[in-house]
Amino acid sequence: MRLPALRLPVLRLPVVRPPSFSGRLHDPRTATAIGRWLGTALAVCFLTGLFSHVLQHPPAWLAPYLPPRPVWGYRLTQGLHVGVGLAAIVLLFAKLWAVYPRLFVWPPVRSVRHALERLSVAVLVAAAVFQVLTGLLNIAEWYPWPFSFVPVHYAVAWVVAGSVLLHLAVKAPVIRAHWRRRSAGTRALPDETRDGPDRRALMLGLGAAVGTVTVTTVGQSFTPLAPLDLLAPRHPGYGPQGLPVNRTAAAAGVTQAALRDWRLEVRGPAPYRLTLAELAALPQRRVRLPIACVEGWSADAEWAGVRVRDLLERAGARPGAGVRVVSLEVAGAYRVMEMGREYAEDPLTLLALRLNGEVLSVDHGYPARIIAPNRPGVLQTKWVGRLEVL
Ligand SMILES: Nc1nc2c(c(=O)[nH]1)N[C@H]1C(S)=C(S)[C@@H](COP(=O)(O)O)O[C@H]1N2
Ligand SMILES: [Mo]
């Protein structure tokens, strides 16, 4: 006699399963191939940013020795900083796309070591995304956040640098195994992880994307490509007297009334004051120097005015003196600027009265502004009211 089969009701519980990824480009070889470009870009941004930071906030022992040569030094480094930073945005998101399946590894934490590794990657990703996106908004002069951009961008740069180094150390074996196209590590892997047309296509596409971003923005600083500067916020030739303006006189609170009875005041052992006519009667020099904004745009211009070192000498300054420059601007981070010996003595450093053959326009700093070689744009003080021998 056959017994009827006993059927138990089956209770079906929903099982949470991590998504699985079969795409062949989410592999260590792709991560390494993109990562080395991204790492190089971040290193260039870090070093050029550090250079800018030191020029803007030199430690006291270094300030007298900062070099005014080459005159295009700051122009080159800040053009690179912003140009490479824009390329890094593309590379960073490509890299994140290549590795994002790892977000879903199962189990999410295998050991303390694994947890720490994932935490360090989280810090790296957060800091790097923060850095490139705030940098992008800064060059567009859009500040939708409550903090001050410059000190935060500088501090987070160190977080990125530290977490990149940690990441390189942790991933060293993987990087070594996948550095070369046909490395021993790659050969040992299943066939589909080897280089194929897919990866080549991905890397070519990525190169084309980076190239497009670069070619359509780098002209803001690299003027031979200025005609292709379609996407950068600034164009090197657009602005009064053929030069962009970062901060207008109106924005700086410099009014016609403040300029009416303008005198240049020079403080030192033998202080004096000069009217604009008296200043214009002193020996005038002409120099060709770039304005290089920390936001990545830069342009050469022809400046004419009085050598700062002549003005300091007349005030009884000893050779080797530095100078403090105070603007008429009522408030603002760049109202007061100090210049070390090398800049103050340099024959190219002028208190400029003219730009590209015309009297300075008010937005370029009328009646007088500083122009010095190899200096951050933010230190090319406009609307100068006073020089103080240091
Ligand atoms: N007094 C004063 N000078 C200033 C600034 C400022 O905000 N205040 N901005 C600086 C910045 S950020 C740059 S890039 C240059 C730009 O000079 P331009 O507007 O004549 O091109 O001026 C600099 N001089
Ligand atoms: Mo600037």
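In this predicted model, E265 is buried, with a relative accessible area of 19%. That value falls within the buried class because the class takes in residues under 20% relative accessible area. E265 pairs with R273 in a salt bridge, and the closest N and O atoms are 4.0 Å apart. R273 counts as exposed, since its relative accessibility is 53% and the exposed class lies over 50%. The bridge thus has one buried partner, E265, and one exposed partner, R273.

A second salt bridge joins the side chains of E388 and R267, with an N to O distance of 3.7 Å. This pair links distant parts of the chain. E388 sits in strand β10, and R267 sits in strand β1, which covers residues 264-267. The two residues are 121 residues apart. E388 is buried, at a relative accessible area of 10%. R267 is partly exposed, at 37% relative accessibility.

These four residues also belong to a wider arrangement. E265, R267, R273, R324, E338, R386 and E388 are linked in a network of salt bridges. Side chains of opposite charge can pair when their charged atoms come close. The structure holds 16 salt bridges.

Another of these bridges lies elsewhere in the chain. R199 forms a salt bridge with D27, and the closest N and O atoms are 3.0 Å apart. This pair, too, links distant parts of the chain, with the two positions 172 residues apart. R199 belongs to helix α6, while D27 lies in the segment before α1 (28-56). Both partners are buried: R199 has a relative accessible area of 4%, and D27 has one of 8%.

D229 presents a contrasting case. The residue is buried yet has no salt bridge. The nearest side chain of opposite charge is R234, 8.6 Å away. A salt bridge needs the side-chain nitrogen within 4 Å of a carboxyl oxygen, so a separation of 8.6 Å does not qualify. D229 lies in the loop between α6 (197-215) and α7 (249-252). Leaving out residues up to four places away in sequence, D229 touches T216, T217, G219, Q220, R234, H235 and P236. R234 is therefore a contact of D229, with heavy atoms within 4.5 Å, even though the two form no salt bridge.

Helix packing was examined for α3 and α4. Helix α3 spans residues 112-139, and helix α4 spans residues 149-178. Their axes come within 8 Å and cross at roughly 145 degrees. The crossing is left-handed. The residues of this contact divide into 15 nonpolar, eight polar and two charged.

The loop between α3 and α4 contains E141. This residue has a positive phi of about 55 degrees, although it is not a glycine. E141 is partly exposed, at 37% relative accessibility. W383 also has a positive phi of about 55 degrees and is not a glycine. W383 lies in the loop between β9 and β10 (384-389). W383 is buried, with a relative accessible area of 2%.

Cis peptide bonds were found at two prolines. The bond from W106 to P107 is cis, with omega near -5 degrees. P107 is placed in the loop between α2 (73-99) and α3. The bond that joins Y366 and P367 is also cis, and its omega is about 5 degrees. P367 is placed in the loop between β8 (358-359) and β9 (369-371).

The last site is A344, in helix α11 (residues 341-345). A344 is buried, with a relative accessible area of 1%. Apart from neighbours within four places in sequence, A344 is in contact with V308, R309, L312, A321, G322, V323 and M339. The C-alpha atoms of A344 and G320 are separated by 8.1 Å. Along the chain, these two residues are 24 residues apart.

Notes: Residues numbered from 1 in each chain as written. Chains lettered and ligands numbered in written order. Predicted model: local features only at pLDDT ≥ 70, side-chain atom pairs only at ≥ 80, totals over all residues. Heavy atoms only, no water. Axes fitted to C-alpha atoms, helices over the stretch in contact; angles between N-to-C directions. Helix = DSSP H or I, 4+ residues; strand = E, 2+ residues; numbered from the N terminus. Left-handed = near helix turned anticlockwise from the far one by under 90°. Nonpolar A, V, L, I, M, F, W, Y, C, P; charged D, E, K, R; others polar. Buried < 20%, exposed > 50% of the residue type's maximum accessible area, 1.4 Å probe, protein only. Lys, Arg positive; Asp, Glu negative; His and termini not counted.
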